[in-house]
Amino acid sequence: MAYTEEELKKELETKEYEYGFYTDIESETFPVGLNEDIVVAISRKKEEPEWMTEWRLEAFKAWKEMDEPEWANVQYAKPDFQAISYYSAPNSKPKYDSLDEVDPELLDTFKRLGISLDEQKKLAGVAVDIVIDSVSVATTFKKTLAEKGIIFCSISEAIKEHPELVKKYIGSIVPQKDNFYAALNSAVFSDGSFCYIPKGVRCPMELSTYFRINQAGTGQFERTLVIADEGSYVSYLEGCTAPSRDENQLHAAVVELIALDDAEIKYSTVQNWFPGGKDGVGGVFNFVTKRGLCEKNAKISWTQVETGSAVTWKYPSCILKGDNSIGEFYSIAVTNNYQQADTGTKMIHIGKNTRSTIISKGISAGKSQNSYRGLVQVNSRAKNARNFSQCDSLLMGNECGAHTFPYIEVKNKTAQIEHEATTSKIGEDQIFYCNQRGIETEKAIALIVNGFSKEVLNKLPMEFAVEAQKLLEISLEGSVG
Amino acid sequence: MLKINDLHARVEDKDILKGINLEVNAGEVHAIMGPNGSGKSTLASVIAGKEEFEVTQGNVVLDGEDLEDDAPEERAHKGIFLSFQYPVEIPGVSVTNFMKTAINESRKARGLEDMPAKEMLKLIREKSEMLEIDRKFLSRSLNEGFSGGEKKRNEIFQMAMLEPRLAILDETDSGLDIDALRIVANGVNKLKSKDNAVVVITHYQRLLEYIVPDFVHVLHNGKIVKSGGKELALELEEKGYDWIKNEAVV
C-alpha cells in the first residue's frame with residue numbers, strides 16, 4: 001500500500017510518546033499552594049543565605065501583582081498556581097561520587113532514555129550534571145573542570161559556595177520583574193545549573209545537563225546562570241525529556257548568559273518534554289525566559305531543537321551591548337497533534353557594528369500551531385548594525401498552522417536588516433518520488449525533515465546532533481511518528 | 001519480464017487508460033509514443049504504483065507476479081525505476097545522501113547490510129564519470145536549482161546507481177539540448193543489457209535516434225493503437241499524429 005495524505009495524517013497521529021514512563025522514587029514534596037511561607041521554606045530547605053531569601057520574596061511580591069501574559073499565539077487553560085507543589089526532591093539527598101551509589105531505578109530511567117551515564121562517560125569529555133525533579137543528583141568530571149578553574153555545579157551549591165558571583169549576576173539579565181513566569185521562577189526556583197569560565201579559559205569539554213520532570217503534580221522551575229569571563233569559551237548543552245502524565249505540568253525556567261569582553265557562549269537545547277496525548281490531553285507547559293548579554297567582541301549563539309511540550313512560549317534572546325558583539329539564534333521547532341509553539345528570539349542591537357543571525361525552522365503536523373515571533377531592534381547608537389533573518393515553515397497535512405510574527409524596530413539609518421521567509425508543504429509528489437526510489441514513507445519524511453532542518457542541525461555539537469536527528473525522527477515518526 | 005494485461009485506470013472520475021496490453025522482455029527497448037493527453041505519463045505512474053491512479057480493470061505483472069498490492073517502494077525494490085518527467089526538489093538533501101538512503105533501503109528490503117562507505121564511493125565515482133557528472137554536483141541539494149538538463153541527467157545517474165531491471169524513461173528528452181541528450185542517451189545505452197529492459201516514453205522521434213528501440217507503440221486515447229519496429233517512429237515523425245488519430249477512427 002502506498003500512502004495517501006489521509007493515511008499519512010493518521011499515521012502521524014498514532015505515534016505514542018516514546019519516553020512516557022514514570023520512575024517511582026521516594027520524594028519529599030511540599031504541600032500545594034504558593035505564599036510567602038512556601039517561598040521562605042524553599043529557601044530554608046536549600047540552606048540559602050538571607051540575601052537570597054529576600055531576593056526571592058521581592059520576586060514573589062512582584063509576581064503577585066502581575067498578570068499571566070496573553071499575547072502569544074497559543075490557547076490553553078491557565079494553570080492554577082495554588083494547585084501546584086513548589087518543591088520536590090529525590091529522597092536520597094547526599095551527592096554521589098560514583099554511579100554505584102545512585103538509585104538503580106534512576107539509572108534505569110536514563111538507560112531507557114538512551115542517555116545512560118555509562119554511555120555518557122564513554123562519550124569523550126562530556127560532563128553531566130543531572131537535574132531530576134529539581135535537585136542535582138550526580139555530577140561528573142567536576143575535578144577535570146576544577147583544574148582549569150571552571151565552576152560547574154548546581155545553582156544551590158553556587159549560592160553557598162560562590163555567593164559573590166551569584167549575587168552579582170543573578171537577575172542582572174532577566175530581572176525578577178521581567179515577566180510573569182520569570183518572576184514566578186525567581187521566587188520559587190528549586191535548582192538548576194551554574195557555570196563560570198575564568199578569564200581566557202577555553203572549556204575543554206561540552207557541558208551538558210539533562211533535565212527531567214518526574215513527580216506528579218509538581219512544576220519545575222529551573223534557574224541557570226552561565227558566566228563566561230573575558231576571552232573565555234564554553235559550549236553548554238541542555239536536553240530534557242519527561243514522563244507521560246494526564247495533568248498539565250508547568251515548566252517555567254530562566255536562563256541567563258553573560259559573555260564578557262571577547263568571550264563566547266554556545267548554548268544548545270534539545271527539548272522533548274511530554275507533548276500531551278494525540279487527543280491534546282496533558283502535556284507540559286513550557287514557559288521559558290532565556291536571555292544573554294554580550295559585552296565587547298563577545299558572541300552568544302543559541303541553538304534549539306524543540307519537539308516536546310503541549311504549549312511552548314520561549315524566546316532565547318541576545319542583548320548586543322558591546323561593540324562588535326554577535327548574537328545568533330538557530331531553531332527547529334516541531335509541533336504535532338495539538339501542540340502549540342510560539343517561539344523565536346529578540347536581538348537587541350545596542351553597540352556599534354553588532355551583528356545578528358536568525359535561522360528558524362518550524363515544522364507543523366497534525367492539528368498543531370507553530371508560530372515564529374522575533375524582534376530585531378536597532379538602537380539609535382548602534383551604528384552599522386546588521387541582521388539576517390530567515391524563517392522557514394514546513395507543513396504536513398491540511399489541519400496544522402504555521403505563523404510568522406517578525407517585528408523590526410530600527411532607530412539608526414546605517415542598519416542593514418534582511419528578512420527571508422518561506423512556507424512549504426511536504427507534498428505527495430515528494431513522498432512518491434522517494435517511494436519510487438525504494439524509500440518508504442516514514443523514512444522519506446525523516447529525510448525531507450532532516451534536509452529542511454539541516455542548517456540548524458549543523459550548528460549543534462556533534463554528539464548532540466545525532467540525538468537531535470533521532471528526536472526529529474521520533475517526533476515525526478509517530479507523527480510521523 | 002513485464003506484462004500488462006487489459007489495463008484500465010482512472011484518476012478521480014476520469015478514465016485515462018482504457019485497456020492497455022503490452023509485453024516487454026529482458027534485453028528489449030520499447031518506445032511508447034503518442035500525442036499529448038494520450039495517457040503516456042499515466043501508464044508510467046501506474047506501473048510505478050502511484051496511489052492517485054485507480055486501477056479499475058486488468059493488471060501489471062512483473063516476472064510473473066501481480067504488482068497490484070505492492071506499494072511504490074516495493075515495486076522499486078523489485079527493480080522498477082521511473083525517470084520522472086518533472087523530478088521534485090528536496091532541499092537540504094544532497095544527491096549523494098539521497099542515493100545512499102535509496103540504495104540502503106533497497107538492500108534492507110533484500111535482507112542485506114548497508115553498503116560499505118568505500119564501496120558506495122567507488123560506485124558513485126564510476127557512475128558519475130560514465131554520465132560526465134561533475135562531483136561537485138553530487139553534494140548539491142536534490143534537484144534544487146538544477147537546470148532542466150541537470151535534472152534529467154541526475155535521473156539517469158540514479159538509474160545507473162540503482163541498476164533497475166525495468167527502467168521507464170518518461171519524457172527524458174524534454175528540456176534537453178543536443179549535448180545533454182547525447183550524454184543521457186549514451187548513459188542509457190551503456191546501462192542496457194540482456195537482463196534488463198527499457199521503456200522510453202516520448203513525444204518526439206528525436207531521442208530514438210540515440211536510444212534505438214526494438215519496438216514502437218503508439219498510444220492514443222488510453223489504448224495502444226499501433227505497434228511496430230523502429231521505422232514506425234520515423235513514419236510518425238513524417239505524417240504526424242493526425243494520421244494515427246484518423247486511422248484509429250476508421
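Buried means under 20% relative accessible area, exposed means over 50%, and partly exposed lies in between (1.4 Å probe, protein chains only). Keep that scale at hand for the tour.

This is a predicted model: local features need pLDDT of at least 70, side-chain atom pairs count only at pLDDT 80 or more, and totals for chains, interfaces and linings use all residues. Residues are numbered from 1 along each chain as its sequence is written, chains are lettered from A and ligands numbered from 1 in the order in which they are written, and side-chain values use heavy atoms, with hydrogens and water left out.

**Stop 1: Phe285(A)**

Select Phe285(A). It is buried, with a relative accessible area of 4%. Its home is strand E13 of chain A, residues 283-294. Helices (H or I, at least four residues) and strands (E, at least two) are DSSP runs, numbered from the N terminus. Now add Ser371(A). Phe285(A) and Ser371(A) are 86 residues apart in sequence and 16 Å apart in space, C-alpha to C-alpha.

**Stop 2: Arg373(A)**

Select Arg373(A), in strand E20 of chain A. Is Arg373(A) buried or exposed? It is buried, at 10% relative accessible area. Next, show Tyr407(A). The side chains of Arg373(A) and Tyr407(A) are joined by a polar contact of 2.9 Å. A polar contact is a pair of N or O atoms within 3.5 Å; within protein, one must be able to donate a hydrogen and the other to accept it, and residues adjacent in sequence count only if both atoms are side-chain atoms.

Widen the selection. Beyond its neighbours within four places in sequence, Arg373(A) is in contact with several residues, including Trp71(A), Tyr315(A), Asp342(A) and Phe405(A). Contact means heavy atoms within 4.5 Å.

**Stop 3: salt bridges**

A salt bridge is a side-chain nitrogen of Lys or Arg within 4 Å of a carboxyl oxygen of Asp or Glu. How many salt bridges does a search of the whole structure find? The search finds 27 over all chains.

Start with Lys78(A) and Glu70(A). Their side chains meet in a salt bridge of 2.5 Å, N to O. Lys78(A) is partly exposed at 41% relative accessibility, while Glu70(A) is exposed at 62%.

Move to Glu306(A) and Lys314(A). They form a salt bridge with the closest N and O atoms 2.2 Å apart. Glu306(A) and Lys314(A) are buried.

Now pick Glu399(A) and Lys367(A). This salt bridge is 3.4 Å, N to O. The pair links distant parts of the chain, 32 residues apart. Glu399(A) sits in the loop between strands E21 (386-395) and E22 (401-410) of chain A. Lys367(A) sits in the loop between strands E19 (355-364) and E20 (369-378) of chain A. Glu399(A) is partly exposed, with a relative accessible area of 34%. Lys367(A) is partly exposed too, at 33%. Then select Lys361(A), Asp392(A) and Glu455(A), which are joined into one network by salt bridges that share partners.

**Stop 4: helix H10 of chain A**

Select H10(A). 7 of its 9 residues are buried, so the helix is largely enclosed by the rest of the structure. Among the buried ones are Ile431(A), Phe432(A), Tyr433(A) and Cys434(A). Step just past the helix to Gly438(A), which takes a positive phi of about 95°.

**Stop 5: where the chains touch**

Show chain A and chain B together. 22 residues of chain A are in contact with 35 residues of chain B. The area buried between the two chains is about 2,400 Å², with 64% from carbon and sulfur atoms. Phe432(A), Tyr433(A) and Arg437(A) supply 32% of the area that chain A buries against chain B, more than any other three residues. Buried area is the accessible area (1.4 Å probe) that two parts lose on being put together, summed over both.

Zoom in on Arg437(A) and Glu155(B). Their side chains meet in a salt bridge of 2.6 Å, N to O. Across this interface the rule finds 2 salt bridges. The count of residue pairs in polar contact between the chains is 12 (both at pLDDT 80 or more). Helices H10 (428-436) and H11 (441-457) of chain A each supply at least two residues of the side that touches chain B.

**Stop 6: chain B**

Hide chain A. Chain B has 8 helices and 12 strands. Its C-alpha trace spans about 60 × 40 × 35 Å along its principal axes. Of the 250 residues of chain B, 54% count as buried.
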